[in-house]
Amino acid sequence: MRLIDTHTHLDFDDFDADRDAVLTNSMQLGVERIVVLGVYQRNLQRVWDLALSEPSVYAALGLHPVFLEEHQPEHVQQLRDWLTRLAGHPKLCAVGEIGLDYYIESLDRPRQQTLLDQQLQMAADFNLPVLLHVRRSHADTIAALKRFRLKRCGIVHAFAGSREEAREYIKLGYKLGLGGAATWPQALRMHRVIADLPLESVVLETDAPDMAPAMFPGMRNSPEHLPDICAAVSKLMNIPADTLAAASTANACEVFGWD
């Protein structure tokens with residue numbers, strides 16, 4: 001079984017003690033490629049260094065909406081500078097993690113929208129896909145994606161929307177990321193939506209170290225858990241795990257432009 005973890009934060013200090021072992025174990029379990037995402041200016045270098053040092057790791061660079069108060073105007077320009085320097089580099093795979101978060105009510109929505117629009121424009125300018133964080137903000141996110149109409153689209157990370165929202169993203173050309181939350185027994189609506197998703201629109205992820213799947217409650221999430229997530233999601237879709245793994249891998253390669 002060949003797998004790609006399309007969304008991790010493997011650079012976080014949660015992995016400082018055993019990052020090499022996690023990468024080795026993940027490879028042995030069939031997780032052949034791992035995407036690590038930037039979330040603020042101070043971890044962009046760390047993400048990039050990790051991608052350069054590990055053959056299986058690829059970098060996405062972006063400014064996450066949850067850290068809105070940390071982002072300064074110069075950080076937006078610095079992100080553009082990073083993308084300019086790295087344009088065409090095979091280890092740079094996307095702009096992300098970017099998006100809108102309306103779950104945290106204290107986050108200024110107009111400022112979030114401005115930041116998202118700035119980064120969608122960067123994705124357009126550098127012909128890169130985007131990795132999207134969307135919490136209780138599907139309508140505004142979809143509206144932004146319709147305005148920009150990116151050629152390479154991207155992935156809606158940790159998708160937990162409705163059937164109608166799934167259809168909107170799929171019509172725009174986006175893949176839907178499914179991870180640990182999809183395995184939680186209380187996520188009944190999500191289970192019904194997942195059962196109807198077209199196989200060509202699904203990719204797998206962990207969001208490590210967060211969102212541990214149901215079979216590892218209270219534990220640090222890890223790319224090592226991706227095979228178990230694949231097995232659980234395949235049951236929801238009523239297909240063999242190998243079929244889902246193959247489709248997810250092909251879909252991820254399509255998004256990132258990999259062979």
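In this predicted model, histidine 133 offers a convenient place to begin: leaving aside its neighbours within four places in sequence, histidine 133 is in contact with His64, Pro65, Val66, Glu97, Ile98, Gly99, Leu100, Asp101 and His157. Histidine 133 belongs to strand E5, which spans residues 130-135. Its relative accessibility is 9%, and because buried means under 20%, histidine 133 counts as buried.

One of the contacts of histidine 133, His157, also shares an annotation with it. The UniProt record, an unreviewed entry, gives the feature "binding site" for His133 and His157. The two are spread over 25 residues of sequence, yet they cluster in space, with a largest C-alpha distance of 5.7 Å. Both His133 and His157 are included in the lining of the largest pocket.

A further set of positions carries a "binding site" annotation in the unreviewed UniProt entry, namely His7, His9, Glu97 and Asp207. These residues are spread over 201 residues of sequence but again cluster in space, the largest C-alpha distance being 10.9 Å. From this set, His9, Glu97 and Asp207 are taken in by the lining of the largest pocket.

Histidine 9 can be followed in the loop between strand E1 (3-8) and helix H1 (19-28). With a relative accessible area of 4%, histidine 9 is buried. Not counting residues up to four places away in sequence, histidine 9 touches Phe15, Val36, Leu37, Val39, Glu97, Asp207, Ala208 and Pro209. Glu97 and Asp207, both in that list of contacts, are also annotated together with His9 in the UniProt record.

Several of these residues are worth a second look for their backbone geometry. Most residues other than glycine have a negative phi, and most peptide bonds are trans. Glutamate 97, which lies in strand E4 (residues 92-101), is joined to glycine 96 by a cis peptide bond with omega near 15 degrees. Aspartate 207 has a phi near 65 degrees, a positive value in a residue other than glycine. Aspartate 207 sits in the loop between E8 and H8 and, at 7% relative accessibility, counts as buried.

A second cis peptide bond runs from alanine 208 to proline 209, with omega near 10 degrees. Proline 209 is placed in the loop between strand E8 (202-204) and H8. Both Ala208 and Pro209 are among the residues that histidine 9 touches.

Alanine 158 is another residue other than glycine with a positive phi, here near 50 degrees. Its place is the loop between strand E6 (154-156) and helix H6 (163-172). The relative accessible area of alanine 158 is 22%, so alanine 158 is partly exposed.

The packing of two helices completes the description. Two packed helices are described by the angle between their axes and the distance between the axes. For helix H8 (residues 226-237) and helix H9 (residues 241-256), the axes come within 8 Å and cross at roughly 105 degrees. Because angles of 65 to 115 degrees count as roughly perpendicular, H8 is roughly perpendicular to H9. On the H8 side the contact is made by Cys230, Ala231, Val233, Ser234 and Met237, and on the H9 side by Ala241, Leu244 and Ala245. Sorted by class, this contact of H8 with H9 has 7 nonpolar residues, 1 polar residue and no charged residues.

Technical notes: Residues are numbered from 1 along each chain as its sequence is written. This is a predicted model: local features need pLDDT of at least 70, side-chain atom pairs count only at pLDDT 80 or more; totals for chains, interfaces and linings use all residues. Side-chain values use heavy atoms; hydrogens and water are left out. Axes are lines fitted to C-alpha atoms, for helices over the stretch in contact, and angles run from 0 to 180 degrees between N-to-C directions. Helices (H or I, at least four residues) and strands (E, at least two) are DSSP runs, numbered from the N terminus. Angles under 35 degrees count as roughly parallel, over 145 as roughly antiparallel, 65 to 115 as roughly perpendicular and the rest as oblique. Contact means heavy atoms within 4.5 Å. Ala, Val, Leu, Ile, Met, Phe, Trp, Tyr, Cys and Pro count as nonpolar, Asp, Glu, Lys and Arg as charged, and the others, Gly among them, as polar. UniProt positions are given in the numbering used here, feature names are shortened, and annotations may be inferred rather than shown by experiment. On a 1 Å grid over the protein atoms alone, a cavity is a set of points where a 1.4 Å probe fits but cannot get out, and a pocket is an open set with protein on both sides within 12 Å along at least five of seven lines; lining residues have an atom within 4 Å of a point. Buried means under 20% relative accessible area, exposed over 50%, partly exposed in between (1.4 Å probe, protein chains only).
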